[in-house]
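This report considers aromatic rings and cysteine residues in one protein model. Please keep the sequence and the structure in view while reading.

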Amino acid sequence: MSEGKKFKLAILGSGHGSNMAAIAEACRTGQVPAEMAIVISDVEGAGILTRAGERGIRAEHIAPGKFRTKLDEAAEQTYIAALQQARVDLIVLAGFMRILKGDFLRAFPERVVNIHPALLPSFPGLEAWKQALDYGVKVTGCTVHFVDQGIDTGPILGQQTVPVLDDDSPATLHERIQQAERDLYPAMIAALLRGEIQVRGRTTVRRRVN
Ligand code: GRF
């Protein structure tokens, strides 16, 4: 994306919205050169919607339709229409528990990013912090990546490491990873919007823009 412009962000989430709050704060302070255009959740009454509403951000529940892990066809079109109407430049997934594919990704090419609570390609999928703990790794972290047709497989924008401590429980490790997410995600969104990150095939490259 380019320099000097104020961009519009959409955030999609199903949970508490701690990443959304960190990104909103980074928009407010100017770290991220964007405004929060809309927050959408597939879960009615989700914390992310309440937290967005408290900040005066437009917050909408859009029903996901009949499937458990993805949007059905009608819902997918409703999501696309809402995002196009809000004229968003970037769609930020923050704990959105539905797989996005096909029409949705074609409508927003290279405009959908996600944060995953592990160092991909290790531990894709659900409860990645628990997978890391069960495996016995000594270092894990979080990854910001573009969303493609696979599950947690798109080109990586950035990663941050987090130590695994001997007495960690899933909850303590997840909390440490989430702290890292709240640093990494705004930083990667800012870099992307400022045109500092370019996709090169499977990966991305970083160039500084002054
Ligand atoms: C984060 O840990 C993220 O990595 C995962 O879902 C969680 C969302 O948390 N994909 P929150 O809703 O941002 O608090």
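The text below treats the aromatic rings, then the cysteines, and ends with a table of burial values.

**Aromatic rings**

The model described here is predicted. A pair of aromatic rings is described by the distance of the centres and the angle of the planes. The structure contains three aromatic pairs. One of them joins F104 and F108, with 5.3 Å from centre to centre and 55° between the planes. This pair counts as tilted, because its angle is neither under 30 degrees, as stacking requires, nor over 60, as an edge-to-face arrangement requires. Both partners are shielded: F104 has 0% relative accessibility and is therefore buried, and F108, at 7%, also counts as buried.

A charged residue accompanies another ring. K70 is placed over the face of F67, 4.7 Å from the ring centre.

**Cysteines**

How many disulfides does a search of the whole structure find? The search finds zero. C27 takes part in no disulfide, and the nearest cysteine sulfur, that of C142, is 18 Å away. For C142, likewise in no disulfide, the nearest cysteine sulfur is that of C27, at 18 Å. A disulfide requires two cysteine sulfur atoms within 2.5 Å, so the sulfurs of C27 and C142, 18 Å apart, do not qualify. C27 counts as buried because its relative accessibility, 10%, is under 20%. C142 is buried as well, at 0% relative accessibility.

**Burial values**

| Residue | Relative accessibility | Class |
|---|---|---|
| F104 | 0% | buried |
| F108 | 7% | buried |
| C27 | 10% | buried |
| C142 | 0% | buried |

Technical notes. Residues numbered from 1 in each chain as written. Predicted model: local features only at pLDDT ≥ 70, side-chain atom pairs only at ≥ 80, totals over all residues. Heavy atoms only, no water. Phe/Tyr/Trp six-rings, centres within 6.5 Å; stacked < 30°, edge-to-face > 60°. Buried < 20%, exposed > 50% of the residue type's maximum accessible area, 1.4 Å probe, protein only. Lys NZ or Arg CZ within 6 Å of the ring centre and 35° of its normal.
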